[in-house]
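I opened the model today to look up a few residues, one sheet and some charged pairs. These are my entries in the order I made them.

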Amino acid sequence: MKNYKDLDIAHIKKNEYSGIYNESIKNNEKFWSKISKRIHWFKDWEKISNVDFSKGVINWFENGKLNVSYNCLDRHVENGNGDDIALIWEGNNPSEDKKFSYKELLVEVSKFSNVLKSKNVLKGDRVCIYMQMIPELAIAMLACSRIGAIHSIVFGAFSSNSLKDRINDSECKVVITQDTGVRGLKVDIPMKENVDKALLDCPTIEKVFVVKRTSSDIKMDKNRDLWWHEEMSNISKFCEPEWMDSEDPLFILYTSGSTGTPKGVLHTTGGYLVYASYTHEIVFDYHKNDIYWCTADIGWITGHSYIIYGPLSNSATTLMFEGVPNYPDFSRFWQIIEKHKVNIFYTAPTALRALMKEGNDFVKNTDRSSLKLLGSVGETIKKPEWDWYFEIVGEKKCPIVDTWWQTETGGILISPLATSDNFKAGSALKPFFGIEPVILDNNGNEIKENPAEGLLAIKKSWPGQMRTVYGNHQRFFDTYFSQFKGFYFTGDGAKRDKDGDYWITGRVDDVLNVSGHRLGTAEIEGAIGEHKNVAEAAVVGFPHEIKGQGIYAYVTLMTGVLPSKNIEEEIIKKVKIIIGPHANIDKIQFSKGLPKTRSGKIMRRILRNISENNINDLGDISTLADPSVVQSLIDGKK
């Protein structure tokens, strides 16, 4: 083992993880001091960190001055890499794509920065961005960061009411949107129309910038609305980047939890960029000239950290995709990999299950020989889709990094590395450098021995950690630090096996108490998924007069397989074999689909209400990818 000081901490080799990890925990500030030098500071920081979980106070790289846009664009141009491709945009239509070099992207970002400044958007102002996955979305975010405006990106499938609430909570000054959107077979998504509805009750909005994506006929308010292309036509190509303090806000991103009002998660400038940059390079083993593709939407944190800020700060080539994985057919992802020679592919288990359900031919009819690494994000990847991903998609030659993190964490906290010796299907394996996870019992006591199971918390801060809930610091403290003093509580349950590897069991509120046994829904779903005919499953609890809670499973079968009593009995038997007789499923409802957000998250609140016959209180279902699924589930309930 080489001495820590001699290690190349940009690319981790086999057997080097333990030495670097131990050093990162033992000498935490020294470690992050070294890592902070991977980005450009106009003025170096004075104090590495100032953290007090007992008050919810988190500061990193105090008094350092930098600019995120400069770090993502200018410095690469200045270093002679301006002609390298920064962004590949793949349109919904397979024949439509664009490429932007770092030099070209810098010009576009500088121009739009000047457009914003010309309309009195100042440092600290909030800017709402409500768009589909088009290049102007990336340009708008980077322009905001260049002038010090705080962007709040609202996912393009949210309703006008959701948009209104987010605009008003952060008192945005302007909105950036597009005329209409295209996605799969949908060719007229009413983006501007939704903005118009929202702005009937948004008094702080002064201007609306509109990108002409489809040339659809839309209404324009001559006193408020401005065409993007017209504003960009005669504006300077040079914009000096604003010097930002390390702790100046970079963006607000609202989490849409199943209960309560959305939380405006606030991330600041220096720590977030250091962490997004470092995790992107290490976890994905990024090397120069690699083509990297994260399939997430930029409306979610994954898109912020691992489509834009992480990759571009590393002078990577990052791909963003406007469409969906099943249009024009179920081979679209694999066709894009073949077309652009993608080396690193990062997607969600929900997408994998949907594609796996359609069989292997869509994959095998494409050339994926460029792939060197596969990634998973969004939820625990179960063994069936892990095996399919590894064997069919990656042809048994690509390591899979199953990443665990949250909107609140800013970047990946637990994940295998590409050079891990022992991948385990369904395990996030090891904590990232500088991250010290612990498993707590219900009383907040740390369980130090292995194996262990309980509540997942983090002992020390890290640079990418959120700083507050926008406008409500008490809510920030109450949500994350009040329950277990001295820890950041993730809200997730976890197991640590005899090897010290971590397995995420799901949200704590997704743990069932069946006859006194605590059962994670993710664990049961994984066992159901072991049946050869199952494409996807979601499990919820429902009131049971004997057990307290019973197990209700919604099961989607592989394409072409019909539900039967025999399959139902086989599933029940398989779960008992894998988990134990205490995990006896009480009800199975076969369904053609599950209620999911566009980011692929299953809306368990809806499934719970249906299982409890509480169908008059399903809440807002307008943000679902396919709201019609809800009625089919109600109709199919036994």
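**Entry 1: a serine in a helix**

I began with Ser145, which I found in helix 5, the stretch of residues 135-147. I note at the outset that the model is a predicted one. I then looked up whether Ser145 is buried or exposed. Its relative accessibility is 4%, and because the limit for calling a residue buried is under 20%, Ser145 counts as buried. Leaving aside residues up to four places away in sequence, I listed what Ser145 touches, and the list reads Asn67, Val68, Ser69, Leu250 and Tyr309. For Ser69 I could add a detail, since the side chain of Ser145 reaches the backbone nitrogen of Ser69 at 3.5 Å.

**Entry 2: an aspartate in a strand**

Next I turned to Asp245, which has its place in strand 13, residues 244-245. With 15% relative accessibility, Asp245 counts as buried. Which residues does Asp245 touch, not counting those up to four places away in sequence? I found Asn63, Gly64, Lys65, Leu66 and Thr269. I also recorded that the side chain of Asp245 reaches the backbone nitrogen of Glu247, at 2.9 Å. As a check on distance I took Asn443, which is 198 residues from Asp245 in sequence and 39 Å from Asp245 in space, C-alpha to C-alpha.

**Entry 3: the sheet**

I traced an open sheet of 7 strands, in which the order runs 5-4-17-16-18-19-20 and the pairing is mixed. At the edges stand strand 5 (97-101) and strand 20 (400-402), and because each has a single partner strand, one side of each is left without a neighbour in the sheet. From one strand to the next the twist averages 15°. Within the sheet I looked at one pair in particular: strand 18 (residues 344-347) and strand 19 (residues 373-376) pair in the parallel sense, over 4 bridges. Here Phe345 stands opposite Leu374 of strand 19.

**Entry 4: charged pairs**

How many salt bridges does the count come to? I arrived at 39 salt bridges, and I followed some of them up.

The side chains of Lys103 and Asp83 meet in a salt bridge at 3.2 Å, N to O. Lys103 belongs to helix 4 (residues 102-118), while Asp83 sits in the loop between helix 3 (68-81) and strand 4 (85-90), so the pair ties together parts that are 20 residues apart in sequence. I noted Lys103 as partly exposed, with a relative accessible area of 42%, and Asp83 as exposed, with 61%.

Asp225 forms a salt bridge with Lys192, and the closest N and O atoms are 2.8 Å apart. This pair links distant parts of the chain, with Asp225 in strand 12 (residues 225-227) and Lys192 in helix 7 (residues 191-198), 33 residues apart. I wrote down that both Asp225 and Lys192 are buried.

For Lys459 and Glu446 the side chains meet in a salt bridge at 3.3 Å, N to O. Lys459 lies in the loop between strand 22 (452-458) and strand 23 (468-469), and Glu446 in the loop between strand 21 (437-440) and strand 22, so the pair ties together parts 13 residues apart in sequence. Lys459 counts as partly exposed at 32% relative accessibility, and Glu446 likewise counts as partly exposed, at 30%.

My last note is on a network: salt bridges that share partners join Lys424, Lys430, Asp497, Lys498, Asp499 and Asp501 into one.

Conventions
Residues numbered from 1 in each chain as written. Predicted model: local features only at pLDDT ≥ 70, side-chain atom pairs only at ≥ 80, totals over all residues. Heavy atoms only, no water. Helix = DSSP H or I, 4+ residues; strand = E, 2+ residues; numbered from the N terminus. Buried < 20%, exposed > 50% of the residue type's maximum accessible area, 1.4 Å probe, protein only. Polar contact = N/O pair within 3.5 Å; in protein donor to acceptor, adjacent residues only side chain to side chain. Contact = heavy atoms within 4.5 Å. Pairing = 2+ DSSP bridges. Axes fitted to C-alpha atoms, helices over the stretch in contact; angles between N-to-C directions. Salt bridge = Lys/Arg side-chain N within 4 Å of Asp/Glu carboxyl O.
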